[in-house]
Amino acid sequence: MTDFLKDVGIDIGLAISGFFGSLLTVGRHKDWKTAAIAILSGMGSSTYLTPLVIDLMPSATNSQYAVAFVLGFLGLRGVELITEKLFPEKDDTNDSSNA
């Protein structure tokens, strides 16, 4: 089973850290469906985004599980913050088609 998970890119330690981070947000959700989606998105974002965030961090310390926990806590909002940093919106106010 662990070989299959590694083949699809899932690190068990990062997923568990993201799971516990996302559990902190369960109380905010109205029903069990949105809470389950929040937990799954927290686990997914922590599993797949932690290596990217670690590479972007200037520090070379081994803090991948802490980063995974925070990404699990942030869930989809964490994904939005990272994409805003990597792909900032371009200002279209100087577009020549407005003339």
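## A walk along five helices

Start by selecting helix H2: at 1.5 Å a residue, its 12 residues should span 16 Å, and the C-alpha atoms at its two ends are indeed 16 Å apart, so the two values agree. Keep in mind that you are looking at a predicted model.

**Stay on H2.** Now color its buried residues, which are Leu14, Ala15, Ser17, Gly18, Gly21 and Ser22. They cover an arc of only 160 degrees around the axis, which puts them on the same side of H2. Next, click on Phe20, which also lies in helix H2. Is Phe20 buried, exposed or partly exposed? Its relative accessible area is 46%, and since partly exposed covers the range between the 20% limit for buried and the 50% limit for exposed, Phe20 counts as partly exposed.

**Zoom out.** Show the whole chain as a cartoon. How many helices and strands does it have? You'll find five helices and zero strands, so reading along the sequence gives you the pattern α-α-α-α-α. The chain has 99 residues, and 26% of them count as buried.

**Color by confidence.** The mean pLDDT of the chain is 79, with 86% of the residues reaching 70 or more. Which helix has the highest confidence, and which the lowest? H2, where you just were, is highest with a mean of 88, while helix H5 (residues 76-86) is lowest at 73. Where pLDDT is low, the predicted coordinates should not be read in detail.

**Hop over to H3.** Select residues 32-56 to light up helix H3, then pick out Tyr48 within it. With a relative accessible area of 47%, Tyr48 is partly exposed. Now draw a distance from the C-alpha atom of Tyr48 to that of Ala68: the two residues are 20 apart along the chain, and the separation is 9.2 Å.

**Follow that line to H4.** Ala68 is one of the buried residues of H4, along with Val67, Leu71 and Gly72. Look down the axis of H4 and you'll see these buried residues fall within an arc of 140 degrees, so they line one face of the helix. Then select Phe73, also in helix H4. Phe73 counts as partly exposed, at 31% relative accessibility. Try another distance here: Phe73 and Ser45 are 28 residues apart in sequence, yet 9.6 Å apart in space, C-alpha to C-alpha. Just after H4 comes Gly75, with a positive phi near 60 degrees.

**Last stop: the surface.** Turn on the surface and select Ile12, Ile16, Phe20, Leu23, Leu24, Phe69, Val70, Phe73, Leu74 and Leu81. What do they form? Together they make a nonpolar patch with about 820 Å² of accessible area. Two of your earlier stops, Phe20 and Phe73, are among them. Which helices each supply at least two of the patch residues? Those are H2 (12-23) and H4 (64-74).

Notes:
Residues numbered from 1 in each chain as written. Predicted model: local features only at pLDDT ≥ 70, side-chain atom pairs only at ≥ 80, totals over all residues. Heavy atoms only, no water. Patch = residues over 30% accessible without salt bridge, like charges linked within 9 Å, V, L, I, M, F, W, Y side chains within 5 Å. Areas by Shrake-Rupley, 256 points an atom, 1.4 Å probe, with all protein chains shown as cover. Salt bridge = Lys/Arg side-chain N within 4 Å of Asp/Glu carboxyl O. Helix = DSSP H or I, 4+ residues; strand = E, 2+ residues; numbered from the N terminus. Buried < 20%, exposed > 50% of the residue type's maximum accessible area, 1.4 Å probe, protein only. pLDDT = per-residue confidence, 0-100. Expected span 1.5 Å × (residues − 1). Arc of directions from axis to C-beta.
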